[in-house]
Amino acid sequence: MMLRHRLTVTASAAALAAAGLAAGTAQAAAPAHGATAEPRTFAASCSQAYLPLPDPYCTPGAYNPDVTQATIGQTICVSGWTATVRPPTSYTNPLKVQQIAAYGYADTSTADYEEDHLVPLELGGAPRDPANLWPEPRYGNQPAQSKDSVETKLKNAVCNGRVGLDDARSAIASDWTTALSVLGL
């Protein structure tokens, strides 16, 4: 039993190191809506005080540089495009484990969280940047699945030309619970 535990711990540490996620080593881009482009180290401790939103310091959001207003017709507005950029679970699962610990969630079951993109892939959020990913609870007043319909409505509004890409990204990164009303949708 002790050998199996030791092997599991060693394998987990190796997986985190291979993914560049060992505590304090992952680099996150500047906030999506911030002025600086300097990378920062992922915080070791994040606050749950903002739920159902992520801690804005730990998860400020980040953009995919390939997605701009000029490229939406070849990227986010193409059916199935997000599948081409979605990171594999071999990347997101170790990050989810690390972030569940960083957020100090008492429930550490990974099944109870969606490793979610604050700025969704549907709006050109950065696929692998830890600044854009966080363990969003699947429980509570506004669980992870509540955000999905907001993401779809914003993407449709951008692709239909009713809302600009930058406005949609800014609204969802600031507060996904009010993004639709802020944009008049």
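Buried, in these exercises, means under 20% relative accessible area, while exposed means over 50% and partly exposed lies in between. Keep that cut-off at hand. The model you are looking at is a predicted one.

## Exercise 1: Helix 5 and its cover

Find out which residues of helix 5 are buried, and name elements that cover them.

**Solution.**
Step 1. Go through helix 5, which spans 165–174, with the 20% cut-off in mind. The buried residues turn out to be L165, A168, R169, A171, I172 and A173.

Step 2. Think about helix geometry. An α-helix has 3.6 residues a turn, so residues three or four places apart point the same way. Compare that with the positions of the buried residues, including L165, A168 and R169.

Step 3. Look at what lies over these residues. The cover of the buried part of helix 5 includes helix 4 and helix 6.

Step 4. Pick out one buried residue, R169. This arginine lies over the face of Y63, at 4.3 Å from the ring centre. R128 is placed in a similar way over a ring: it lies over the face of Y91, at 4.9 Å from the ring centre.

## Exercise 2: The nonpolar cores

Work out which residues touch the most other members of the largest nonpolar core, and which element gives the largest share of this core.

**Solution.**
Step 1. Start from a general idea. In soluble globular proteins, nonpolar side chains tend to be buried together.

Step 2. Turn to this protein, where buried residues make up 43% of the 185 residues. Its largest nonpolar core holds 22 residues, and I76, L123, V150, L154, V158 and L165 touch the most other members.

Step 3. Sort the core by element. Helix 2, helix 4, helix 5 and helix 6 each give two or more residues. The largest share, five residues, comes from helix 5.

Step 4. Zoom in on L165. Once neighbours within four places in sequence are set aside, L165 is in contact with V67, T68, Q69, I72, I76, L123 and V158.

Step 5. Check for another core. There is a second, separate one of eight residues, with C46, C58, A102 and W134 among them.

## Exercise 3: Two disulfides

Locate each disulfide and decide whether its cysteines are buried or partly exposed.

**Solution.**
Step 1. Search the whole structure: two disulfides are found. With the bonded cysteines numbered in sequence order, the pairing reads 1-2, 3-4.

Step 2. Take C46 and C58, whose sulfur atoms are 2.1 Å apart. These two cysteines are 12 residues apart, both in the loop between strand 2 and helix 2. The torsion about their S-S bond is about -105 degrees, so this disulfide is left-handed.

Step 3. Apply the 20% cut-off. C46 has a relative accessible area of 6%, so it is buried. C58 has 0%, so it is buried too.

Step 4. Now take C77 and C159, with an S to S distance of 1.9 Å. C77 is in the loop between strand 2 and helix 2 and C159 is in helix 4, so the bond ties together parts that are 82 residues apart in sequence. Here the torsion is about -95 degrees, so this disulfide is also left-handed.

Step 5. Use the cut-offs again. C77 is partly exposed at 28%, and C159 is partly exposed at 31%.

Step 6. While you are in the loop between strand 2 and helix 2, look for P52. The peptide bond from L51 to P52 is cis, with omega near 15 degrees.

## Exercise 4: Aromatic pairs

Classify the ring pairs Y103–W134 and Y105–Y113 from their plane angles.

**Solution.**
Step 1. Recall the cut-offs: planes under 30 degrees apart are stacked, over 60 are edge-to-face, and the rest are tilted. The protein has four aromatic pairs.

Step 2. For Y103 and W134, the centres are 6.0 Å apart and the planes meet at 45 degrees, giving a tilted pair. Y103 lies in helix 3 and W134 in strand 4, so the pair ties together parts that are 31 residues apart in sequence. Both Y103 and W134 are buried.

Step 3. For Y105 and Y113, the centres are 4.6 Å apart and the planes are at 25 degrees, so the pair is stacked. Y105 and Y113 are both buried.

Step 4. Put the rings together. Ring pairs link Y103, Y105, Y113, W134 and Y139 into a cluster.

Key: Residues numbered from 1 in each chain as written. Predicted model: local features only at pLDDT ≥ 70, side-chain atom pairs only at ≥ 80, totals over all residues. Heavy atoms only, no water. Buried < 20%, exposed > 50% of the residue type's maximum accessible area, 1.4 Å probe, protein only. Disulfide = S-S within 2.5 Å. Helix = DSSP H or I, 4+ residues; strand = E, 2+ residues; numbered from the N terminus. Core = buried A, V, L, I, M, F, W, Y, C linked by side-chain atoms within 4.5 Å. Contact = heavy atoms within 4.5 Å. Phe/Tyr/Trp six-rings, centres within 6.5 Å; stacked < 30°, edge-to-face > 60°. Lys NZ or Arg CZ within 6 Å of the ring centre and 35° of its normal.
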